[in-house]
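Please examine the structure shown below. The questions that follow concern confidence, a helix, a core and a ligand.

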Amino acid sequence: MATNKQSYVDRPIPEISLANFDNRIDSIAAEIADAAEKVGFFSVVDHGIGAEAVDQMFADSKNFFALPSEVKKTVPWNPQSVGYEFKSQVRPSTGAADQKESYQLQFGENMTDLWIGDDRVPGFQSRSLAFMHKVQSVSEKLMVCLARALKFEDDFFVNWHDTAKPNSQSTLRLLHYFAMPEMNDGQVYHRAGAHADWGFLTLLFQSPGQSGLEICPGREVVTDFGHGDKWTKVNFETSTDIVCDLLMSWSDDRFKSTFHRVKAPCEPGDNFGERYSIAFFNQPRKDALIQGPLKKYPEVTGGEFTANAMQLYYAALKAATGGLEKVMPASVSSAVSAAA
Ligand SMILES: O=C(O)CCC(=O)C(=O)O
Ligand SMILES: [Fe+2]
């Protein structure tokens, strides 16, 4: 067990109910705006996704990851941020690969030949798509609220994240972190090293009893890669709670995108066992036009925003590791997730 002492602080994480949504949009929008400004992270309840739907998605995820390695490799990761990767995502904050495997799914054409077949996990594609549509509909409620808070038209963000369009980039990511030795063997096993997601909103499902998610808010500007080292644990009692990151630049840095990580277990009480989680990244269409109401940053397209985020990411990775070739041999370099 590694011995690096972690520094923690309790921060209240707002819990926001979406009950009776149509009649309460303005008050929910005010709550979301407040949480997004102050914490950049919140839990959503009464969102309408039943526990059985979440449990089923976790069961499908477990069945996928239980397949033999050579079968999982038949749906390999590619730079459209889709497909399966194994211990290949290197975070600039750690300079080392996360000890996990993940499978990224999208709604549209990027998934051609990348769905695991019914002969391997019966019903996987149709059930996953049904789940993704459920999560998308929760996301759209949050988007309407965020649009109101920023005084855009209600459907502004929803349109730029339309998953029916072929250039939709929104992604469901199934994650499986491996169990780790509790004995100190001198190594730190990173799960998900500290990072901020580049997309608009991330909705996250943790499994009960498989905690580990931690947040570190406090960025002032979206171009800032730095972050502090006082972390707050995010523990939920049920698997249906959802937390979100927020795209800062579209709000002229008003809503704070939050650094988060899945802790590398290193202290008594940490979860050293395996861990499954599910993330849904709301990512703008490539032709989305991104600029906040105050025009703090020049207008960029969704495609340009992704490219810029990647550039920042690779520069930070290079600075952290002293050279990409050390951490990314050719066979692995294409497997660094765009959702870093
Ligand atoms: O597994 C988790 O709880 C977090 C995953 C995450 O932050 C990511 O994949 O971007
Ligand atoms: Fe993340």
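Q: Over which residues does pLDDT stay under 50?
A: This is a predicted model, in which local features need pLDDT of at least 70, side-chain atom pairs count only at pLDDT 80 or more, and totals for chains, interfaces and linings use all residues. Residues are numbered from 1 along each chain as its sequence is written, and chains are lettered from A and ligands numbered from 1 in the order in which they are written. pLDDT is the predictor's confidence in each residue, from 0 to 100. The stretch under 50, with 32 contacts beyond four places in sequence (C-beta atoms, placed from the backbone, within 7 Å), is residues 325-340.

Q: Where does helix α1 bend?
A: Helices are DSSP runs of H or I with at least four residues, and strands are E runs of at least two, numbered from the N terminus. The bend is the angle between axes fitted to the seven residues ending at a residue and the seven starting there. In α1, residues 21-38, this angle is about 45°, at Ser27.

Q: Which element gives the most to the largest nonpolar core?
A: A nonpolar core joins buried Ala, Val, Leu, Ile, Met, Phe, Trp, Tyr and Cys residues through C-beta atoms within 7 Å; buried means 20 or more other C-beta atoms within 10 Å of the residue's own, placed from the backbone. The largest such core has 60 residues, and Ile32 is among those with the most contacts inside it. With 9 residues, the element giving the most is α4.

Q: How many residues surround ligand 1?
A: Each has its C-beta atom, placed from the backbone, within 6 Å of the ligand. Leu175 and Ser277 are among the closest, and the total is 12.

Key. Buried ≥ 20, exposed ≤ 12 C-beta atoms within 10 Å, placed from the backbone. Contact = placed C-beta atoms within 7 Å.
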